[in-house]
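The report below describes a single protein model, beginning with its strand pairing and ending with its overall dimensions. Please read it alongside the sequence and the coordinates.

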Amino acid sequence: QVQLVESGGALVQAGDSLRLSCTASRHSLSTYAMGWFRQAPGKEREFVAAISWSGGMPYYADYADSVKGRFTISRDNANNTVYLQMNSLKPEDTAVYYCAAAWVVAGRVSVERRDYEYWGRGTQVTVAS
């Protein structure tokens, strides 16, 4: 069982930046595709960003249209950590952000919740206007 732990959530002002982190203490994340999802009150959990695992190929990342150009997902396998850099935050970005791990072939990602086997408990991001 891969246990994921998110951190970095906070209350910020619109236009601010924030970096979320996701790590696992007992399992290497290097062979998982990693994703970030978010869930706002009263809404379904939605895809935010995902990054592939390498397997000797360049990393591939995908983003929801609502965050393209503002958010960047990255991974540091040496530190077993995945990041979500969030810039130009908007009030509509307010949500609980979840990290997730998926078995996907190297170089590819999934935007579907059902493809992710392991989930963290989430970290709250609140963007005040």
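Strand 9 pairs with strand 10 (residues 116-119) in the antiparallel sense, over three bridges, where strands are DSSP runs of E with at least two residues, numbered from the N terminus, and two strands pair if DSSP finds at least two bridges between them. The model is a predicted one, in which local features need pLDDT of at least 70 and side-chain atom pairs count only at pLDDT 80 or more, while totals for chains, interfaces and linings use all residues. Residues are numbered from 1 along each chain as its sequence is written, and side-chain values use heavy atoms, with hydrogens and water left out.

The antiparallel partners of strand 9 are set out here, each with one of the bridges involved.

| Partner of strand 9 | Bridges | One bridge pair |
|---|---|---|
| Strand 4 (residues 33-39) | seven bridges | Met34 and Ala101 |
| Strand 10 (residues 116-119) | three bridges | Ala101 and Tyr118 |
| Strand 11 (residues 123-128) | three bridges | Val96 and Gln124 |

Ala101 thus appears in two of these pairs, bridging to Met34 and to Tyr118 in strand 10. Strand 9 is mostly covered, with seven of its eight residues buried, where buried means under 20% relative accessible area, exposed means over 50%, and partly exposed lies in between (1.4 Å probe, protein chains only).

Two serines can be followed in more detail. Ser88 sits in the loop between strand 8 (81-86) and strand 9 (95-102), and because its relative accessibility is 41%, Ser88 counts as partly exposed. Neighbours within four places in sequence aside, Ser88 is in contact (heavy atoms within 4.5 Å) with Gly15, Asp16, Ser17, Arg70 and Asp93. From Ser88 to Val67 the C-alpha to C-alpha distance is 9.6 Å, with their positions 21 residues apart in sequence.

Ser21, by contrast, belongs to strand 3 (residues 18-24) and counts as buried, because its relative accessibility is 16%. When residues up to four places away in sequence are not counted, Ser21 touches Val5, Glu6, Ser7, Trp36, Thr81, Val82 and Tyr83.

Taken as a whole, the protein has 11 strands and zero helices, a helix being a DSSP run of H or I with at least four residues. Buried residues account for 46% of its 129 residues. Among contacts between residues at least 6 apart in sequence, 60% join residues at least 24 apart. The C-alpha atoms fill a box of roughly 40 × 25 × 25 Å along the principal axes.
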